[in-house]
Amino acid sequence: MSLGLGWKVKGDGASLGPGEVVAPDERLSWGRTIGLGAQHVVAMFGATFVFPLVMGLNPQLAIMMSGIATIAFLLIVSGKVPSYLGTSASFVGGVAAVRAQGGDSAEVTGAILVAGLVLAAVGVAIHFLGSRVLHEVLPPVVTGAVVMLIGFNLAPVVAGIYWPQDQWVGFLTMLFTIVVAVAFKGFIGRVAIFLALIFGTLLSWVLDHTVGQITSVLGGATEATTHLRWDTSGVGDAAWFGFPSQTMVAADGKEVVGWHLPSFSATAILLVLPAVIALIAENTGHVKAVAEMTGANLDPVMGRAIAADGIGTVIATSVGGSPTTTYAENIGVMAATRVYSTAAYYVAAIVALLFGLSPKFGALVASVPGGVLGGITVVLYGMIGLLGAKIWKENGVDFGNPINLVPVAAGIIIGIGNVELKVTDDFSLGGIALGTIVTVAGWHLARALAPAELRKDAEGTLVAVGDHVYGDSDGIDDLYQDGYPGGRGSRDPGRDSRP
């Protein structure tokens, strides 16, 4: 199997003519390729370290392992699918549920590692059985429902943990996110979340030095304390270079998360497994998007790409890192530059790995105020949930059909409301896990029992947005790009006019 490392120089290596593109197995000059790689780092950077923060994992380690996972992905697909593996948001809901039940970071990463193995197995199955099996098992009505309940299940996390830490910083950060996402086109709009994080952090610093400290309950605490909004005390003591520290328990009993080995809990695994459904749809959409832009038939490597994402997640979480997924942000960069060279992604991966070797960078990221995360997550979590509705709309799902309406309605309310089913004294199902089971199993049961005239129109189309197959759980670029000119759901992927 070719590793896809033999890039041919495109033309003079410096410029592209009208309509020309740089294919995955081509490259520009190394100087320009390094510049493009750095651009890919900027594109993935914000979400890749925001999501570890909201999951309670180490952002420095997440950045480092995203680089390693990306290299593994590119090798597995033989360089045919240019993509970056950043931190996945699909697991945020499941992780929040695990932590709400007292699970620590080792249980979180152990559960995600198992989900990565399942995703890899699904990829292998698709490779040998064909992608049609996806539509049969997970039709759009089911996929949309699972994505929706994963996103909306997170509402209590915003309301109970992040927002109360500083409601006004949270509100202004949320407002800033909305304005930048809508008012600016192209790259600025694409990194609205990242810019909002910077805005909110600077606002916190200004308030600390003008109106003074704030009294609120910090995340993980039970009582209100008076504290700085932006506490950078840990940044000065951190080394410039070094591997992330090992996870430890501080004197106050709080976990200081770093690298660690995973541990395995059946309850935690059940809570995060539904994210695999969202990742399958996400990876399918990304491969189709790249195929559309490059003009290549990538169906033969669809299974390998899905399996590679699962393997990337296994590699990252085996040392305590964050789950990975292919990134829409970087597909947007390719659409704008018409450069699909995997060489640029190798550069991006190496740069990310070097960032991950700076504990000072990790400490700076970890210092982001809780109120800022409140303003960001109130947008992000809602976007993840609404993506489920978008999948329904773009696939023509008919909710006048009781096969679609009844089981999906039950599953979503169970997921959003954290409804619990006690199986034994020691084991119960609830929230995302139970909602997913009811949605998937309930839909197939309803379809099996329904008369033929109802079954005929129950499935909808393939998981499609516009002309393409889509469904991305990271929430950010999908709702910003899909359906807009230049977005992944656009009929003209070469235009970049994302709001």
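F176 is partly exposed in this predicted model. Its relative accessibility is 25%. That value is not under 20%, the limit for buried, and not over 50%, the limit for exposed, so F176 falls in between. F199 is also partly exposed, at a relative accessible area of 28%.

Aromatic rings are the theme here. A pair of aromatic rings is described by the distance of the centres and the angle of the planes. The count for this model is five aromatic pairs.

Take W7 and W30. Their ring centres are 6.0 Å apart. Their planes stand at 90°, over the 60 degrees needed, so the pair is edge-to-face. W7 sits in the segment before β1 (8-9). W30 belongs to helix α1 (residues 30-55). These parts lie 23 residues apart in sequence, so the pair ties them together. Buried or exposed, where does W7 fall? W7 counts as buried, with 18% relative accessibility. W30 is partly exposed, with a relative accessible area of 40%.

Now return to F176 and F199. The centres of their rings are 4.4 Å apart. The planes meet at 5°, under the 30 degree limit, so this pair is stacked. F176 lies in helix α8 (residues 167-183). F199 lies in helix α10 (residues 192-210). The two residues are 23 residues apart, and their pair links distant parts of the chain.

Which residues do ring pairs link into a cluster with W7? They are W30 and Y346. The edge-to-face pair of W7 and W30 therefore has both its members in that cluster.

Definitions and conventions. Residues are numbered from 1 along each chain as its sequence is written. This is a predicted model: local features need pLDDT of at least 70, side-chain atom pairs count only at pLDDT 80 or more; totals for chains, interfaces and linings use all residues. Side-chain values use heavy atoms; hydrogens and water are left out. Rings of Phe, Tyr and Trp (its six-membered ring) pair if their centres lie within 6.5 Å; planes under 30 degrees apart count as stacked, over 60 as edge-to-face and the rest as tilted. Helices (H or I, at least four residues) and strands (E, at least two) are DSSP runs, numbered from the N terminus. Buried means under 20% relative accessible area, exposed over 50%, partly exposed in between (1.4 Å probe, protein chains only).
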